[in-house]
Amino acid sequence: MPGETITISAPAGEAEMYVARPDESGGPWPGVLFLVDAIGLRPQTRSMADRIASWGYVVAVPNLFYRDGTAAEVAPEHDLLRPEDREAFFAVATPRVRALTDEIVIPDLHCYLDTLSSLPGVDGPHVGVTGYCMGGRLALLAAHERPQQVSAVGVFHAGGLVTDNSASPHLHLSGIEAFVLAIHADNDHSLPATAVAQFEHALTSSGVTHHTTVYPGAAHGYTMADTSMYHHEAAENHFSELEALFARTLPAASPPHAAG
């Protein structure tokens, strides 16, 4: 079934949300919140959501940067397969990312999760969340804010998980009840090996059930096929691990009601 873009009422105005559903009939289905990277809601992230939906989930992908414009307005103007164009785009996008502080984004996350749960065809109170780049930090924050709702979290090439300030994500893991899967990149300057070790220690110390790995030869952004950082094997590994995570942690779809 082709996905659709809906408009939702978010805390600071209207926001786009792409919704992908399984192709086959049946359901209802568990819900998954997909939190994008700094590049935003675009064909690449819609395609990834479609693939996750094909496993048997309703996937919602909000435009996290709705305060700055529509998805089309904040999208890159150039092909990010060229490193120099990627760098130029991030010079513009980074202030948008930094503006999404916890104080600003927590009400948004509550809104996105409420919307996901209310979408037609979404079954049950438990959902999964998957986040990329900055979306990884937000995925952890969503699990912290909604421990009874979020059962599984995927965190992929997420930077800034360990910082020197009191808002550092690794300091705010207590209370997360979700299983956390984190796959880092070994060539990620935003999360060097020392930070990976600190994040792992923080998960363990906080009592969070988790599995973390570092993919060799991959760089920050390795899942995104529309950028110069794409690593095919690492991206496919991420899909396999995420599918297995959701299969273990999210309830199976309810059987369709018999006719008559």
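**Exercise 1. Which residues does UniProt list for "domain: Dienelactone hydrolase", and how far apart do the end C-alpha atoms of that span lie?**

Let's start with the record: an unreviewed UniProt entry gives residues 17–248 for this domain. Now turn to the model, which is a predicted one. The end C-alpha atoms of residues 17–248 are 26 Å apart, and the span is 39% helix and 23% strand.

**Exercise 2. Work out the strand order of the open sheet and find which strands stand at its edges.**

Step one: the 8 strands follow the order β1-β2-β4-β3-β5-β6-β7-β8, and their pairing is mixed. Step two: β1 (4–10) and β8 (210–219) each have a single partner strand, so one side of each lacks a neighbour in the sheet. Step three: on average, neighbouring strands here are turned by 20° against each other, direction ignored.

For a detail, take β2 (residues 13–20) and β4 (residues 58–62), which run antiparallel and are joined by 4 bridges. Val-19 has Ala-60 in β4 as its bridge partner.

**Exercise 3. Check the span of helix α6 and find which side of α6 is buried.**

First, the length: 13 residues at 1.5 Å a residue should span 18 Å, and the end C-alpha atoms of α6 are 18 Å apart, which agrees.

Next, list the buried residues: Ala-195, Val-196, Phe-199, Ala-202 and Leu-203. These cover an arc of only 125° around the axis, so they sit on the same side of α6. The general rule helps here: an α-helix has 3.6 residues a turn, so residues three or four places apart point the same way.

Finally, look at the surroundings. The buried residues of α6 pack against α5, β7 and β8, while the face turned away carries the exposed Ala-193, Thr-194, His-201 and Ser-205.

Key. Residues are numbered from 1 along each chain as its sequence is written. This is a predicted model: local features need pLDDT of at least 70, side-chain atom pairs count only at pLDDT 80 or more; totals for chains, interfaces and linings use all residues. Side-chain values use heavy atoms; hydrogens and water are left out. Two strands pair if DSSP finds at least two bridges between them. Helices (H or I, at least four residues) and strands (E, at least two) are DSSP runs, numbered from the N terminus. Axes are lines fitted to C-alpha atoms, for helices over the stretch in contact, and angles run from 0 to 180 degrees between N-to-C directions. UniProt positions are given in the numbering used here, feature names are shortened, and annotations may be inferred rather than shown by experiment. The expected span of a helix is 1.5 Å times one less than its number of residues. Buried means under 20% relative accessible area, exposed over 50%, partly exposed in between (1.4 Å probe, protein chains only). The arc is that of the directions from the helix axis to the C-beta atoms. Contact means heavy atoms within 4.5 Å.
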